[in-house]
Amino acid sequence: MTEQALRLGTRRSKLAMAQSGQVADAVSQVTGRPVELVEITTYGDTSRENLAQIGGTGVFVTALRDALVSGDVDFAVHSLKDLPTAQPDDLALAAVPLREDPRDVLVARDGLTFAQLPDGARVGTGSPRRMAQLNAYARSHGMTIETVAIRGNVDTRIGYVRKGELDAVVLAAAGLKRIGRIDEVTDFLSVDTVLPAPGQGALAIECAADNADLIASLAELDDPFTRAAVTAERSLLAALEAGCSAPVGALADVLADGQTVKEMRLRGVVGTTDGSTLVQLSTTGPVPETHDQAMALGRELAAEMLAKGAAGLMGERAL
């Protein structure tokens, strides 16, 4: 008798299907069981509203989590940057696999890099975080660009450039790699120029908190450094009281001396979308060995950023 297939809940987008397919293969290898993809449509997939308007937080996640809780699927794969920062008690974040390239990239007409964009270039992105940092960079380098709010899948976004409606669009390197389109990138944006979204490039594998056997199997796909990094980044985001549509960038990376990992550096930025004001700070400390240590790293940097005026840059906050 063949073992019953594990049901993996995934969004329907080409990117979600690609990354879920990769996780399905890995889970099959560690469990010896077949894995079938169960496609689930989320509110974020059907709503045509601007992500910043619908709150961002959880719009791509809630339907998948509902399917987990109701038992319609056994586990789910999310882009980690889409997860709300608070983890529900009835679900376990069973694995955070090795992170893909966290950088943002430019896909521009005529093979242009960001520095080569003409004055007044129209650059598309749906992210206030990217707008804030691109505008700040342009401002500090004597460039004028116009950031244009867009949304849609990768095809739609790159289509604006191909059709000549925009000079360039900014996307995540990880997504383009996972769907095999990284060769369309015209410029990799250094994290010194644009810090990525907290958790960008990482995946989250979630299952019911009471399914100990599955949690143990999925844990084999976990990368401890990636988990510590994204935990610190998301702790910073939570401490800034910002949802995932807020203009907050964060990246934690490990600093190695040869083969030995010595420390973890966490960088954070928050700014106004026009780029006129940015608060950008970093902190370095021992590599967190526990969830609580990683959370503390994020909270400490957030406190420093708030002291430097970050609170006023986050748009409307409930007082």
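A residue counts as buried when its relative accessible area is under 20%, as exposed when that area is over 50%, and as partly exposed in between. The exercises below apply this to a predicted model.

**Exercise 1. Classify the two residues of the aromatic pair, and describe how their rings are arranged.**

Solution.

Step 1. A search of the whole structure finds 1 aromatic pair. The rings belong to Phe114 and Tyr137, and their centres are 5.5 Å apart.

Step 2. The planes of the two rings stand at 50 degrees, so the pair is classed as tilted. The cut-offs behind this step are under 30 degrees for stacked and over 60 for edge-to-face.

Step 3. Phe114 has a relative accessibility of 3% and therefore counts as buried. Tyr137, at 21%, counts as partly exposed.

Step 4. Phe114 belongs to the loop between β5 (104–108) and β6 (121–124), whereas Tyr137 is part of helix α4 (residues 128–140), so the pair ties together parts that are 23 residues apart in sequence.

**Exercise 2. Determine on which side or sides of helix α3 its buried residues lie, and what they pack against.**

Solution.

Step 1. Helix α3 covers residues 62–69, and its buried residues are Leu64, Arg65, Ala67 and Leu68.

Step 2. Around the helix axis these residues cover an arc of only 155 degrees, which puts them on the same side of α3. A general rule helps here: an α-helix has 3.6 residues a turn, so residues three or four places apart point the same way.

Step 3. The buried residues of α3 pack against four strands, namely β1 (6–10), β3 (75–79), β4 (91–95) and β10 (203–208).

Step 4. Val69 also lies in α3, but with 52% relative accessibility Val69 counts as exposed. Leaving aside residues up to four places away in sequence, Val69 touches Asp90 and Leu91. The C-alpha atoms of Val69 and Cys207 are separated by 8.5 Å, although the two residues are 138 residues apart along the chain.

Step 5. Just after α3, Gly71 adopts a positive phi of about 80 degrees.

**Exercise 3. Describe the sheet with the order β11-β12-β13 and the helix that packs on it.**

Solution.

Step 1. This open sheet has 3 strands, and their pairing is antiparallel. The edge strands, β11 (248–257) and β13 (278–286), each pair on one side only.

Step 2. Direction ignored, neighbouring strands of this sheet are turned by 15 degrees against each other on average.

Step 3. Between β11 and β12 (residues 260–271) there are 10 bridges in the antiparallel sense. Ala256, for example, has Val261 in β12 as its bridge partner.

Step 4. Helix α9 (residues 291–307) packs on the sheet and touches β12 and β13; the direction of α9 makes about 40 degrees with that of β12.

Step 5. Leu301 lies in α9 and counts as buried, at 0% relative accessibility. Apart from residues up to four places away in sequence, Leu301 touches Leu236, Leu266, Arg267, Gly268, Leu281, Ser282 and Thr283. The C-alpha atoms of Leu301 and Thr284 are separated by 9.6 Å, and these residues are 17 residues apart along the chain.

**Exercise 4. Decide whether Arg129 is buried or exposed, and name the residue its side chain joins in a polar contact.**

Solution.

Step 1. Arg129 is found in helix α4. Its relative accessible area is 4%, so Arg129 is buried.

Step 2. The side chain of Arg129 is joined to that of Gln200 by a polar contact of 3.3 Å.

Technical notes: Residues are numbered from 1 along each chain as its sequence is written. This is a predicted model: local features need pLDDT of at least 70, side-chain atom pairs count only at pLDDT 80 or more; totals for chains, interfaces and linings use all residues. Side-chain values use heavy atoms; hydrogens and water are left out. Buried means under 20% relative accessible area, exposed over 50%, partly exposed in between (1.4 Å probe, protein chains only). Helices (H or I, at least four residues) and strands (E, at least two) are DSSP runs, numbered from the N terminus. The arc is that of the directions from the helix axis to the C-beta atoms. Contact means heavy atoms within 4.5 Å. Rings of Phe, Tyr and Trp (its six-membered ring) pair if their centres lie within 6.5 Å; planes under 30 degrees apart count as stacked, over 60 as edge-to-face and the rest as tilted. Two strands pair if DSSP finds at least two bridges between them. Axes are lines fitted to C-alpha atoms, for helices over the stretch in contact, and angles run from 0 to 180 degrees between N-to-C directions. A polar contact is a pair of N or O atoms within 3.5 Å; within protein, one must be able to donate a hydrogen and the other to accept it, and residues adjacent in sequence count only if both atoms are side-chain atoms.
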